[in-house]
Amino acid sequence: MQKKPNTPTSPHAQIRTDWLDKRREDILWPDLPIVDPHHHLWDRPGAKYLFDELREDITSGHNIVGTLFVQCRSMYKQAGDDHYKPVGEVEFANGIAARFASGLYGKQRGCAGIIGCADLTLGHGIQPVLERLIAAGGTRLKGIRNSTAWHEHEAVRSNPILPPKNLLIDPRFSEGVGCLGKYGLTLDVWAYHTQLPLLHDLAKNHPNIPIVINHLGGPLGVGPYTDCKKEVFQAWQNDMRRLASLPNTSVKLGGFGLMVMGHHYYKLATPPSSDLLAAEWRPYVETLIDMFGTKRCMYESNFPVDKGMFSYHVLWNAFKKLSLACSQDEVSDLFHETAIRIYDLDLS
C-alpha cells in the first residue's frame, strides 16, 4: 500500500521545503548573538544536510555566530579497526568548520565545536581512541556522545540503530566516562525520561565530568506514553529536579521536533508559528530554567532532525518569545554564553 505523503519513513519527520516556505516571520531581536549548540550533518538516502544546507539555515535571519556539531554516525571511515571509524566523522566536521572559519562564506563559525563518538564501553582502553579523535578535531573537539536512548517499546525509537539496553549503567561505560576528564571533554547524553534515574547515578558518580543533557531530558509522548502528558510531565519533572541538584549537569532546551516527543506539527496544513511553539513549550522551558538556572541552560536547534516540524527562523523566534521575561544577562546565557562557557568555544 502506498504511504501517505506526510507519513514519516524514518524516526524523524520528512523535510518538505515547499511546506516550510508557507511560514515566514519577521525576525525578533535580529542583533542578539546566538550559538546553536546542537545540530547534525549527514548525507543519507533522501536526506542531505551538509555545508550548504546548514549555511542556508544559520543565515536565514537570526544572528548565529557559531554552532556545535553533534555526532550522528556520519562519514565514518570504511576501513580499519571499528573503534577508530568514528574518527572519520570528526575529520569531516572539522573540514566543514575550516570552510566556515575561512571567512569566505560570512562571519558565522559553523562547527566551531565538535561532539564526537567513541565507544566508552572500552573503559580505560578508550584513551588511544580519544587521542586519535583529538588529533583529528584539534581544539574543536569538545566532547563525546554515545547512542544511549533506549526503550523496550517499538514505537519509542529516535535512532535508526537501537543502542544496548543498559548502557548507562554498564560499569565499562562508566569507566570510559571517567577517562574524559583527563582530556577536558564533556559527556553529552540523549536519554528518554524513563532513563533519567540511571543518568542521575552516572552523573553523581562522575562529579568532575561536565554532563550535558540533550533535548530536555526526553519527555516521551508516543507508544505507551500517548495521551499521558500530565503523568509524563510529573515523572520527568521529578527526575530532572534530581539531576539539577548535581552541579556538573546542564541541559539543552530543544528537541521538540523529535517524533518521540509526541508532537505532530508536520501534519498541519501550514507550518506552526513561533507563537504556537512558544505556548506549547513554555511549561518545559520555564521548569528547566527554574531548576538549572540560565547558566546551565542553552537553547538548541537539533537540526536537521527537527526541520521536518518547523523552520529554523521560526524556531529561534519561539525561543526568543519564551525569553521575553528574562533579564539581559539571562538572555545572554540562554542564547550564547552558557554554550560558549561549557564547551569552551573559540569564535574568533
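1. Helix H8, which covers residues 274-292, lies across three strands, namely strand E8 (211-213), strand E9 (249-253) and E10, and with respect to E9 the helix runs at about 160 degrees. The reader should keep in mind from the start that this is a predicted model, and that the placement of H8 across E8, E9 and E10 is therefore a feature of that prediction.

2. The strands under H8 belong to a wider arrangement, for E8, E9 and E10 appear in an open sheet of eight strands, whose order is E1-E4-E5-E6-E7-E8-E9-E10 and whose pairing is parallel. E1 and strand E10 (297-299) stand at the edges of the sheet, and each has a single partner strand, so that one side of each is left without a neighbour there. On average, and with direction ignored, neighbouring strands of this sheet are turned by 30 degrees against each other.

3. At the E1 edge, the pairing can be followed residue by residue. E1 is joined to strand E4 (residues 63-70) by five bridges, and the two strands run parallel. Proline 33 has asparagine 63 in E4 as its bridge partner, while isoleucine 34 is matched in E4 by isoleucine 64.

4. On its other pairing, E4 is joined to strand E5 (residues 109-116) by four bridges, again with the strands running parallel. Within this pair, glycine 66 stands opposite arginine 109 in E5, and phenylalanine 69 stands opposite isoleucine 114 in E5.

5. How much of E1 and E4 is covered? Six of the seven residues of strand E1 (residues 33-39) are buried, so the strand is mostly covered, although E1 stands at an edge of the sheet. E4 is likewise mostly covered, with seven of its eight residues buried.

6. Turning to the open spaces, the largest pocket has a volume of about 740 Å³. Its lining is made up of 30 residues, and those nearest the centre of the pocket are Gln14, Ile15, Ala47, Pro304 and Lys307. Two or more lining residues come from each of helix H1 (17-20), strand E2 (42-44), strand E3 (47-49), helix H2 (51-58) and helix H9 (312-322). By class, the lining of this largest pocket holds 13 nonpolar, nine polar and eight charged residues.

7. The second largest pocket has a volume of about 430 Å³. It is lined by 17 residues, among which Arg73, Tyr76, Cys117, Asp119 and Ser147 are the closest to its centre. Nine residues of this lining are nonpolar, four are polar and four are charged.

8. Enclosed space should be considered separately from the pockets, and a search of the whole structure finds three cavities of 30 Å³ or more. The largest cavity has a volume of about 170 Å³, and of the 17 residues that line it, His40, Arg145, Ser158, Asn159 and Val305 lie nearest its centre. The lining of this cavity comprises six nonpolar, eight polar and three charged residues.

Key: Residues are numbered from 1 along each chain as its sequence is written. This is a predicted model: local features need pLDDT of at least 70, side-chain atom pairs count only at pLDDT 80 or more; totals for chains, interfaces and linings use all residues. Side-chain values use heavy atoms; hydrogens and water are left out. On a 1 Å grid over the protein atoms alone, a cavity is a set of points where a 1.4 Å probe fits but cannot get out, and a pocket is an open set with protein on both sides within 12 Å along at least five of seven lines; lining residues have an atom within 4 Å of a point. Grid points are joined across faces, edges and corners, and a volume is the space filled by probe spheres set on the points. Ala, Val, Leu, Ile, Met, Phe, Trp, Tyr, Cys and Pro count as nonpolar, Asp, Glu, Lys and Arg as charged, and the others, Gly among them, as polar. Buried means under 20% relative accessible area, exposed over 50%, partly exposed in between (1.4 Å probe, protein chains only). Two strands pair if DSSP finds at least two bridges between them. Axes are lines fitted to C-alpha atoms, for helices over the stretch in contact, and angles run from 0 to 180 degrees between N-to-C directions. Contact means heavy atoms within 4.5 Å.
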